[in-house]
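Visitor: I would like a close look at one part of this protein, the side-chain contacts made by a single helix. Could you walk me through them slowly?

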Amino acid sequence: MLCVGLVGVTGHLVEVEADLAAGLPAVVISGLPDTALHEARDRVRAAVVNSGQRWPNRRITLNLLPATLPKFGSAFDLAIAAALLGGSGELPLLPLEGVVILGELGLDGTVRPVRGVLPMVAAAARAGVARVIVPVENAAEAAVIPGVRVRAVDTLHRLVAFVRDGTPLIEPPADVPVPPVGGPDLAEVAGQQLGRRALEVAAAGGHHVALLGPPGAGKTMLAERLPSLLPELDDDAALEVTALHSVAGLLPPGGRLLRRPPFQAPHHTATVPSLVGGGSGLARPGAVSLAHRGVLFLDEAPEFSKGALEALRQPLEHGQIQLSRSGGGTVYPARTQLVLAANPCPCAKPAGDAHCECSPLTRRRYLGKLSGPLLDRIDVQVRLMPVRAAELMATDGNVEPSATVAARVAAARQAAAARWADLGRRLNAEVAGPLLRRPPWRLPAKVTVELRGRLDSGSLSARGFDRVIRMAWTIADLDGRDRPDQDDVREALQLRTGEAA
Ligand SMILES: [Zn+2]
C-alpha cells in the first residue's frame, strides 16, 4: 500500500509492506517508527476487529519504506490496515493499486482526520500518483491539489466495502464560493500620520517595524492592518502557507489555498514551542511559521520571556526554523515580517504622566530587553503619541483606505524587485547594507550629508546608517522615483529615530 510521510512540510511517498507467516501470533513494525507508529499496531488491531473483519492469528511483519525516512504521526493507520487485510487474503488489493491512502483509525474503525493532508497530497501528485483516499474531514483540503482524483472515507468498513463490492467512496464537497471577508482596514485608523506612513514604508520594503508608545496610541490597530497593505500571495507562496496551516491542523473549513498574507499575534505568555514549533509526533509549526509570508505581531514585546525572544532570533535571521527532535530534525519555513509594539516603560503610563514613577534607568532596561536579538534587525522604529481628541473627531474625508495604500505598495515592490532581480533579491529589506554603500548604488555625497554628520558625531551607528539608506530606497520607490534624494533620506531618518523632521 502507498501513503505519505511528512518531513517538515515536504511529503515523501511511503510504501507499506505486510508479511504474514506461520508462527507465534505477533505484530512487528519496522522502518524507523516513532511512538505513534507503535500505538498504530493497537489502533489497527481494534479497528479491524470492530469493523467485523477477521484478525489474522499469524506472525505479522509490517515494513514501512524507505526505512531511512523518519516517520511521524498517525496518517499511516489506514494503509497499514489495508496492507494487513490484503496479506491475510481478506481483501483483494487490486482496486487500491497505485492509490495513496491516508488516515488515522479510531478503535471503533472510524477514520479520523490527520494534519498535513495538503502537503501529503501535493507530494503524491509530484510522484505521479493519480488517486488518493483521505479522511472525509480532509477531503476539501486534499481537493485543492490539481491533477489528483480525491475520494474520502469515514470508516474502515467503507474502504472494505469499496474494495470488495465497489461501493462508492465519498466525493469531496463541491467548491462553494465564499464571500470575501473584509479584514481590518486602514480607513478605520484616525490620525496617526506617522504610524500610517511607517506601516506603508514597512509594507513596501518588507522592513520589520517597532511601534513604541503609550497605551491608546493605536499600536495594535496599526499592526493588525499591515497584512491589508501587502500583495496577495503568489501560487508558490500560497501553497507553502496553506501547507503550514494544514500541518498545524488550522486550515479553515472549505478547502482552498490561503491567498492573503497571514497574521499571527501570540500573547506575551506564549511558550517557546508555541512560538517556534514543537511537540511530540508530527511537530506543530509555531506562530513564527504560521506567520510565514505574513506578519508576526508581538504586542507588549518586552513582556515576552527572554527565552522566547531569543528563540525568534534564528528564524528571523534564516527565514526558517530548525526543530531538533529524536529521529531527525524538522525544518519549517518562517520568513515573516515582524511588528513589535512596546510601551516606553513597565508601568505603561503615557509619557509625562505624573503617575509614572519609572526612573530613566528602569525605562532603558525595559526596552533594553529587546535590543540584542530583535531590535537590531528592525529598520522602522517610530514613537507614537496618543491620538488627540481633535484627530479622532476630524472628518475631513482624508483617511485613505487600505486598498489605496496597497496599490502604492504593490508598485513600489515591483520597482524594487526589478532593481534587485540580478542579485536574487525582491525587497529592499533583503539587500545587504555594504552593497548600498558601493557603486553603482552609493548615493551622492550631498544626499547623505546629514546622515554622515550623525555617523561622525556618534548619534547614529553604522548599522543604523545602512537601515536609513535602505528605507530611503523604499520611500523613493513609493514615490515612483528611481533614486532616493535628500528628502527621502530625511524622512527615513525620522522613521528610524522617531524624531520629528
Ligand atoms: Zn512608567
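Guide: Gladly; what follows is a tour of the contacts around helix H18, with a few other side-chain contacts at the end. Please keep in mind that this is a predicted model.

Helix H18 covers residues 462-479. Let us start with its charged side chains. Arginine 467 forms a salt bridge with aspartate 379, and their closest N and O atoms are 2.4 Å apart. Aspartate 379 sits in the loop between helix H13 (360-371) and strand S18 (380-383), so this contact joins distant parts of the chain, 88 residues apart. Both arginine 467 and aspartate 379 are buried.

Next to consider is aspartate 466, whose side chain meets that of arginine 437 in a salt bridge with an N to O distance of 2.7 Å. Because aspartate 466 belongs to helix H18 and arginine 437 to helix H16 (residues 433-437), the pair ties together parts that are 29 residues apart in sequence. The two partners can be described by their accessibility: aspartate 466 counts as buried because its relative accessibility is 9%, while arginine 437, at 39%, is partly exposed.

Now to the aromatic side of the helix contacts. The structure holds 4 aromatic pairs. In one of them, tryptophan 420 and tryptophan 473 have ring centres 5.9 Å apart; their planes stand at 65°, which is over the 60 degrees needed, so the pair is edge-to-face. Tryptophan 420 lies in helix H15 (residues 402-420) and tryptophan 473 in helix H18, so parts 53 residues apart in sequence are tied together here. Tryptophan 420 is buried, with a relative accessible area of 0%, and tryptophan 473 counts as buried at 1%.

Tryptophan 473 also pairs with tryptophan 441: the ring centres are 5.9 Å apart and the planes meet at 80°, so this pair is edge-to-face too. Tryptophan 441 is found in the loop between H16 and helix H17 (449-457), so its pairing with tryptophan 473 of helix H18 ties together parts 32 residues apart in sequence. Through these ring pairs, Trp420, Trp441 and Trp473 form a cluster.

For some context beyond the helix, the count of salt bridges comes to 26. Among them is the one between aspartate 154 and arginine 158, at 2.7 Å from N to O. Aspartate 154 is partly exposed at 26% relative accessibility, and arginine 158 is partly exposed with a relative accessible area of 26%. The count of disulfides, by contrast, comes to 0.

Terms used: Residues are numbered from 1 along each chain as its sequence is written. This is a predicted model: local features need pLDDT of at least 70, side-chain atom pairs count only at pLDDT 80 or more; totals for chains, interfaces and linings use all residues. Side-chain values use heavy atoms; hydrogens and water are left out. A disulfide is a pair of cysteine sulfur atoms within 2.5 Å. A salt bridge is a side-chain nitrogen of Lys or Arg within 4 Å of a carboxyl oxygen of Asp or Glu. Buried means under 20% relative accessible area, exposed over 50%, partly exposed in between (1.4 Å probe, protein chains only). Helices (H or I, at least four residues) and strands (E, at least two) are DSSP runs, numbered from the N terminus. Rings of Phe, Tyr and Trp (its six-membered ring) pair if their centres lie within 6.5 Å; planes under 30 degrees apart count as stacked, over 60 as edge-to-face and the rest as tilted.
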